[in-house]
Amino acid sequence: MGAGEGGHRLRRYMPWYYVIFFGSNALQRFVLKFPELVTDTLILFSVTVDLLLNLICLWMAQSIIRSLDAAWLSRTESPVSSEQTSENPQPSIPL
């Protein structure tokens, strides 16, 4: 996966993330504000929405990590320019 493809994947996840994030927030506020109306089904639904939110966060993190790996590999595999000499080495960041 290239770095650009990771950006497209993130773009697909973002609307779902926001919808589920605000939905989860609304459910949590409802549960806290009206505890007398809370049922087992509502709690199960709330937990399911929270689980979905966490899965989307994990997918987004995975996409970001893969994109960074692809960008790092493309950077390290590119030929060294003639301007870089042994007198002026560029620092490398190990992963």
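Two aromatic rings, from Phe, Tyr or Trp (its six-membered ring), count as a pair if their centres lie within 6.5 Å; planes under 30 degrees apart make the pair stacked, over 60 edge-to-face, and the rest tilted. With that in hand, the whole structure yields 6 aromatic pairs. One of them joins Y18 and F22: the ring centres are 6.3 Å apart and the planes meet at 20°, so this pair is stacked. F22 also pairs with F21, this time edge-to-face, with 5.3 Å from centre to centre and 70° between the planes.

Before going on, please note that this is a predicted model, in which local features need pLDDT of at least 70 and side-chain atom pairs count only at pLDDT 80 or more, while totals for chains, interfaces and linings use all residues. Residues are numbered from 1 along each chain as its sequence is written, and side-chain values use heavy atoms, leaving out hydrogens and water.

Back to the rings. Y18 and F22 sit 4 residues apart in helix α1 (residues 3-33), which means about one helical turn separates them. Helices here are DSSP runs of H or I with at least four residues, strands are runs of E with at least two, and both are numbered from the N terminus. Together, Y17, Y18, F21 and F22 form one aromatic cluster. Is Y18 buried or exposed? Y18 is partly exposed, at a relative accessible area of 42%, and F21 is partly exposed too, at 34%. For these words, buried means under 20% relative accessible area, exposed means over 50%, and partly exposed lies in between (1.4 Å probe, protein chains only).

Now step back to the whole chain. The protein chain has 2 helices and 0 strands, and 16% of its 95 residues count as buried. Among contacts (heavy atoms within 4.5 Å) with a separation of 6 or more, 71% link residues 24 or more positions apart.

The other helix to visit is α2 (residues 40-77), where W59 has its place. This helix has 38 residues and reaches 55 Å from its first C-alpha to its last, close to the 56 Å expected at 1.5 Å a residue; the expected span is 1.5 Å times one less than the number of residues. Which residues of α2 are buried? They are L42, S46, V49, L53, I56, M60, S63, S67 and A70. W59, by contrast, counts as partly exposed at 41% relative accessibility.
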